[in-house]
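Student: Could you take a close look at one single part with me, and go through it slowly enough that I can follow each step on the screen?

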Amino acid sequence: MPHGTLEVVLVSAKGLEDADFLNNMDPYVQLTCRTQDQKSSIATGMGTTPEWNETFIFTVSEGTTELIAKIFDKDVGTEDDAVGEATIPLEPVFLEGEIPPSAYNVVKDEEFKGEIWVALSFKPSENRSRGIEEESYGGWKNSEASY
């Protein structure tokens, strides 16, 4: 299983179902990679075609297979409305190293609710492939003795 750093660029969304009846929707995205959660800014007044162009960094460890992007509509005074979610498989980025901005289906109650555009890149951790961790605490490499 890969270990390293996953960079997620949240680009935009298109064709979202409008969760606001009176005003333009104010969407934001909650990204979840295993136990790590990060939130985008709120695309105030952008309605069903928001743009974020924000970058998020996640640490990838054993058992990480997907990224979940949940889209919400920010509401004042009431609970935020769930617009839908996209499940983004990470195996392609682990193999390729980089995936250009791509569309992923946004689904709610098993119904298509639009698409979210995300770019991914993965940088593996150093020293993982050799199986032996290099000493990082002193030793002859770090000695400053002058003879």
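**A close look at strand β2**

Tutor: Strand β2 is mostly covered, since 7 of its 7 residues count as buried. Please keep in mind throughout that this is a predicted model.

Let us begin with the directions of the side chains. Pro27, Val29, Leu31 and Cys33 point to one side of β2, Tyr28, Gln30 and Thr32 point to the other, and the residues of both sets are buried. When you turn the model, try to follow the residues of each set in turn.

Next come the strands that pair with β2. Six is the number of bridges to β5, given as 6 bridges between strands that run antiparallel, and in this pairing Pro27 stands opposite Asp73 of β5. With β3, β2 shares 4 bridges, and these two strands also run antiparallel; here Leu31 has Gln38 of β3 as its bridge partner.

The connection from β2 to β3 deserves a pause. The two strands form a hairpin with 2 residues between them, and in it Arg34 takes a positive phi near 55°. Most residues other than glycine have a negative phi, and that is the background against which to read this value. Arg34 sits in the loop between β2 and β3 (36-39), and it counts as partly exposed because its relative accessibility is 48%, a value that lies between the cut-offs of 20% and 50%. Asp109 offers a second case, with a positive phi of about 50° in a residue that is not a glycine. Asp109 belongs to the loop between β7 and β8, and its relative accessible area of 66% makes it exposed.

Now return to β2 and look at its aromatic residue. The structure holds 2 aromatic pairs, and one of them is formed by Tyr28 and Phe72, which are stacked with 5.5 Å from centre to centre and 20° between the planes. Because Tyr28 lies in strand β2 and Phe72 in strand β5, this pair ties together parts of the chain that are 44 residues apart in sequence. Tyr28 is buried, with a relative accessible area of 7%, and Phe72 is buried too, at 17%. The rings of Phe94 and Phe122 have centres 4.8 Å apart and planes at 65°, so they make an edge-to-face pair. This pair also links distant parts of the chain, with Phe94 in helix α1 and Phe122 in strand β8, 28 residues apart. Phe94 counts as buried at 18% relative accessibility, and so does Phe122 at 10%.

Finally, let us place β2 in a wider setting. In soluble globular proteins, nonpolar side chains tend to be buried together. The largest nonpolar core of this model has 31 residues, and those with the most contacts inside it are Leu6, Val8, Leu67, Ile116 and Leu120. Strand β2 (27-33) is among the elements that each supply at least two residues of this core, and others include β1 (4-14), β5 (66-73), α1 (91-96) and β8 (111-124). To see one of the central names at work, select Leu120: beyond its neighbours within four places in sequence, Leu120 is in contact with residues that include Leu6, Val8, Leu67, Ile88, Val93 and Tyr104.

Technical notes: Residues numbered from 1 in each chain as written. Predicted model: local features only at pLDDT ≥ 70, side-chain atom pairs only at ≥ 80, totals over all residues. Heavy atoms only, no water. Core = buried A, V, L, I, M, F, W, Y, C linked by side-chain atoms within 4.5 Å. Buried < 20%, exposed > 50% of the residue type's maximum accessible area, 1.4 Å probe, protein only. Contact = heavy atoms within 4.5 Å. Pairing = 2+ DSSP bridges. Phe/Tyr/Trp six-rings, centres within 6.5 Å; stacked < 30°, edge-to-face > 60°.
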